[in-house]
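Here is a short guided tour of a protein model for you to follow on screen. Take a moment to turn the structure around before reading on.

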Amino acid sequence: MKVHYSTINVVGNNDDDINDGACLFTSSLHHHHQASHSTYHSWLVEHPSALGTFDRMMKGAKGKRVVVFLDYDGTLSPIVDDPDRAFMSDEMRSAVREVAKYFPTAIISGRGRDKVKEFVKLSNVYYAGSHGMDIMAPPKPLIKSSCDAKYNGVVLDKKCSEVLFQPAKKFLPTIREILAKLVEKTRKIQGARVEDNRFCISVHFRKVMEEDYGLLEDKVKSVVDNYPGFHLTEGKKVMEIRPSIEWNKGHALEYLLETLGHNSTSEVLPLYIGDDRTDEDAFKVIRSRGEGFPIIVTSKPKDTKASYSLHDTSEVLTFLLRLARWRKASSSSRSLFTTALVSNWFYGTTMAFGKVL
Ligand SMILES: O=P(O)(O)OC[C@H]1O[C@H](O[C@H]2O[C@H](CO)[C@@H](O)[C@H](O)[C@H]2O)[C@H](O)[C@@H](O)[C@@H]1O
């Protein structure tokens with residue numbers, strides 16, 4: 001059997017895979033564990049836990065508009081072997097629902113938009129699929145007036161309340177062609193799985209035997225090399241084929257901020273939680289804005305543009321619940337304050353008129 005070492009480094013470079021290899025000696029496992037534990041702790045100094053620093057983060061958010069962006073796989077649902085079974089827990093769903101009651105909230109995923117919507121099942125959030133190449137959002141102020149507007153891949157829905165933004169639309173027929181070829185070429189590789197994400201394609205190798213990784217990569221490259229308008233990127237045990245346009249999760253974040261009417265840098269704080277390489281584009285955008293909260297989900301040290309971290313999806317859940325609670329408490333204290341002001345004003349006014357009602 002051919003042993004082939006991948007050139008795009010798809011092997012062993014995926015951060016959720018730290019415990020994938022079996023370790024025969026308990027003591028070496030113990031030492032490895034201790035070492036990675038201490039490296040993680042020193043990495044945490046640079047990327048503090050968003051739970052540990054929650055109060056400080058929210059102090060900076062007072063009086064500003066927080067807009068929440070969430071990745072799906074590895075953030076709202078744990079990584080599992082079968083991509084079709086990456087379900088979100090009911091607890092996580094209700095936490096996202098709560099957050100979306102208080103903050104404009106969008107899910108930006110590598111999945112097809114319909115697929116991620118099917119998993120999340122919430123109507124009070126915005127969805128961007130295919131790594132941001134398929135966005136359903138409110139219309140841009142500039143095209144709001146004309147309901148039949150078609151502008152740069154933008155199509156308004158019937159109610160004119162949302163628009164579909166699909167900057168890679170013209171690539172669709174070619175994507176279908178590539179998809180069919182990839183399915184055919186990888187058919188015989190046990191465990192390989194091609195996923196149709198509409199404007200991009202995923203080739204999963206989580207269930208492929210390690211000695212077949214190289215073969216799979218060769219097959220995928222032999223298809224993609226014939227399409228100069230497309231390129232390969234990598235994620236967690238997945239190769240992704242995408243049209244080579246300048247559009248990623250970072251652009252999607254900016255687009256959503258703008259269409260939601262929240263693009264003024266100083267007033268708006270984007271909060272983005274994600275676990276994968278494609279989320280780095282969104283972290284970079286937040287960094288360059290100079291304000292906001294880029295939060296990475298990881299259980300081991302990672303080279304990242306994120307400023308904060310969460311260890312795993314259960315910490316994401318805790319963080320989201322806390323965020324909603326924080327907002328609820330601050331809005332109810334605001335409304336108590338308003339009630340007090342109003343009743344003072346009312347009492348003062350009625351007294352001034354010499355009557356107590
Ligand atoms: O941007 P995301 O929402 O994080 O999507 C990125 C990819 O996620 C999915 O694959 C990953 O999760 C699977 C389920 O846990 C796992 O089996 C796979 O190994 C991971 O790579 C999704 O299936 C891909 O299409 C997305 O591109």
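Two strands count as paired when DSSP finds at least two bridges between them. Keep in mind as you read that this model is predicted.

**Strands that pair up**

With that definition in hand, find G129, whose bridge partner in β4 is D134. This bridge belongs to the pairing of strand β3 (residues 126-129) with strand β4 (residues 134-137), which is antiparallel and has 3 bridges. The two strands form a hairpin with 4 residues between them, and S130 in the turn has a positive phi of about 50 degrees.

Strand β4 also has a partner in strand β7 (residues 163-165): 3 bridges join them, and they run antiparallel. Here A137 has V163 in β7 as its bridge partner.

Now move to another hairpin, made by β8 and β9, with 4 residues between the strands. Strand β8 (residues 193-196) is joined to β9 by 4 bridges, again in the antiparallel sense. Look for D196, which stands opposite I201 in β9. In this hairpin, R198 takes a positive phi near 70 degrees.

The table gathers the three pairings.

| Strands | Sense | Bridges | One facing pair |
|---|---|---|---|
| β3 and β4 | antiparallel | 3 bridges | G129 and D134 |
| β4 and β7 | antiparallel | 3 bridges | A137 and V163 |
| β8 and β9 | antiparallel | 4 bridges | D196 and I201 |

One residue of β4 deserves a pause: M136 lies in this strand. Is M136 buried, exposed or partly exposed? It has 17 C-beta neighbours inside 10 Å, so M136 counts as partly exposed. M136 and A329 are 193 residues apart in sequence, and their C-alpha atoms are 31 Å apart in space.

**Around the ligand**

Which residues come nearest to the ligand? Of the 24 residues around the ligand, they are Y72, D73, P83, S109 and G110. Two elements, β9 (201-204) and β11 (238-243), give two or more residues to this shell. Sorted by class, the shell has 10 charged, 8 polar and 6 nonpolar residues. Where does the ligand sit relative to the domains? Domain 1 (53-167 + 247-333) and domain 2 (172-243) both give residues to the shell, so the ligand lies between them.

**Two helices to compare by eye**

Helix α5 (residues 172-186) has 15 residues, which should span 21 Å at 1.5 Å a residue; the C-alpha atoms at its ends are 21 Å apart, so the two values agree. The span is counted as 1.5 Å times one less than the number of residues. The buried residues of α5 are I175, I178, L182 and T186. Seen down the axis, the buried residues of α5 fall within an arc of 65 degrees, so they line one face of the helix. Turned away from that buried side is a face with the exposed residues P173, A180 and E184.

T174 is also part of α5. Because T174 has 14 C-beta neighbours inside 10 Å, it counts as partly exposed. T174 and F230 are 56 residues apart along the chain, and their C-alpha atoms are separated by 9.6 Å.

Helix α7 (residues 249-259) has 9 of its 11 residues buried, so it is largely enclosed by the rest of the structure. Among the buried residues of α7 are H251, L253, Y255 and L257. Just after α7, G261 takes a positive phi of about 75 degrees.

Technical notes
Residues are numbered from 1 along each chain as its sequence is written. This is a predicted model: local features need pLDDT of at least 70, side-chain atom pairs count only at pLDDT 80 or more; totals for chains, interfaces and linings use all residues. A residue is near a molecule or strand if its C-beta atom, placed from the backbone, lies within 6 Å of it. Ala, Val, Leu, Ile, Met, Phe, Trp, Tyr, Cys and Pro count as nonpolar, Asp, Glu, Lys and Arg as charged, and the others, Gly among them, as polar. Domain bounds come from an automatic or database domain assignment. A residue is buried if 20 or more other C-beta atoms lie within 10 Å of its own, exposed if 12 or fewer, and partly exposed in between; C-beta atoms are placed from the backbone. The arc is that of the directions from the helix axis to the C-beta atoms.
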